[in-house]
Amino acid sequence: MTEKLEKLKQGYANLSEWLEHIMAAIVLIAIVIAICSLWAPFKEFLQTRSKSGAFLKYMASVFDIVIGIEFFKLLCKPRKDTMLEVLMFVIARHMIIEHTTAFENLLSIVAISILIIVDRYFLKSKTLN
């Protein structure tokens, strides 16, 4: 009975790995499409570059793709340091692109500092990449 249960557990583990690979492929396709679709926001930025916030609007699109790329890396290599990179990009995007208050900026800085401390002292990373 336990041998059948172990085979079933192994089958579920294999299935979950395949589903992760399928999701990674779908995310990769979406990233490629998003990169190709950056041309329209870039042309819009060129036309409105003198207006306030035009660059930030374009950067929001770029940040979304960068976060997607980091998420793709997380699906391919599910490690703690990759997860911390995704979280750092998400926090940085929020802080740079969104119109935030001073308190929200402080919370973002504290959150990034905590992530760096976790990376450096708990994950034994010796460099800040």
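So, the contact between H3 and H4: on the H3 side we have Leu56, Met59, Ala60, Phe63, Asp64, Val66, Ile67, Glu70, Phe71, Lys73 and Leu74, and they meet Thr82, Met83, Glu85, Val86, Phe89, Val90, Arg93, Ile96 and Ile97 in H4. Contact here means heavy atoms within 4.5 Å. By class, that H3–H4 contact has 14 nonpolar, one polar and five charged residues. The classes go like this: Ala, Val, Leu, Ile, Met, Phe, Trp, Tyr, Cys and Pro are nonpolar, Asp, Glu, Lys and Arg are charged, and the others, Gly among them, are polar.

Quick note on what we're looking at. This is a predicted model, where local features need pLDDT of at least 70 and side-chain atom pairs count only at pLDDT 80 or more, while totals for chains, interfaces and linings use all residues. Residues are numbered from 1 along each chain as its sequence is written, and side-chain values use heavy atoms, with hydrogens and water left out.

Okay, geometry. Two packed helices are described by the angle between their axes and the distance between the axes. H3 and H4 pack at about 170°, with axes 9 Å apart, so H3 is roughly antiparallel to H4. "Roughly antiparallel" is for angles over 145 degrees; under 35 is roughly parallel, 65 to 115 roughly perpendicular, and the rest oblique. The axes are lines fitted to C-alpha atoms, for helices over the stretch in contact, and the angles run from 0 to 180 degrees between N-to-C directions. And the helices themselves are DSSP runs (H or I, at least four residues), numbered from the N terminus.

Now, is Glu70 in H3 buried or exposed? Glu70 counts as buried, because its relative accessibility is 8%. The cut-offs are under 20% relative accessible area for buried, over 50% for exposed, and partly exposed in between, with a 1.4 Å probe and protein chains only. Leaving out residues up to four places away in sequence, Glu70 touches Thr82, Glu85, Val86 and Phe89.

Glu70 has company: the buried residues of H3 also include Tyr58, Phe63, Ile67 and Phe72. What covers the buried residues of H3 includes H1, H2 and H4. Over in H4, the buried ones are Thr82, Leu84, Val86, Ile91, Ala92, Arg93 and Ile97, and they pack against H3 and H5.

How far does H4 reach? From first C-alpha to last, its 18 residues cover 26 Å, close to the 26 Å expected at 1.5 Å a residue. That expected span is 1.5 Å times one less than the number of residues. For H3, 23 residues should span 33 Å, and the end C-alpha atoms are 34 Å apart, which agrees.

Next partner: H1. H1 and H3 pack at about 160° with their axes 10 Å apart, so H1 is roughly antiparallel to H3. In H1, Val27, Leu28 and Ile31 are among the residues that meet H3, where the partners include Ile65, Gly68 and Phe72. That H1–H3 contact divides into 13 nonpolar, one polar and no charged residues.

Then H2. H2 and H3 pack at about 170°, axes 9 Å apart. Pro41, Phe42, Glu44 and Phe45 of H2 make the contact with Ala54, Phe55, Lys57, Tyr58 and Ser61 of H3. The split there is six nonpolar, one polar and two charged.

Last stop, His99, in the loop between H4 and H5. His99 is exposed, with a relative accessible area of 78%. The C-alpha atoms of His99 and Leu28 are separated by 30 Å, and the two residues are 71 apart along the chain.

Note on methods: Helices (H or I, at least four residues) and strands (E, at least two) are DSSP runs, numbered from the N terminus.
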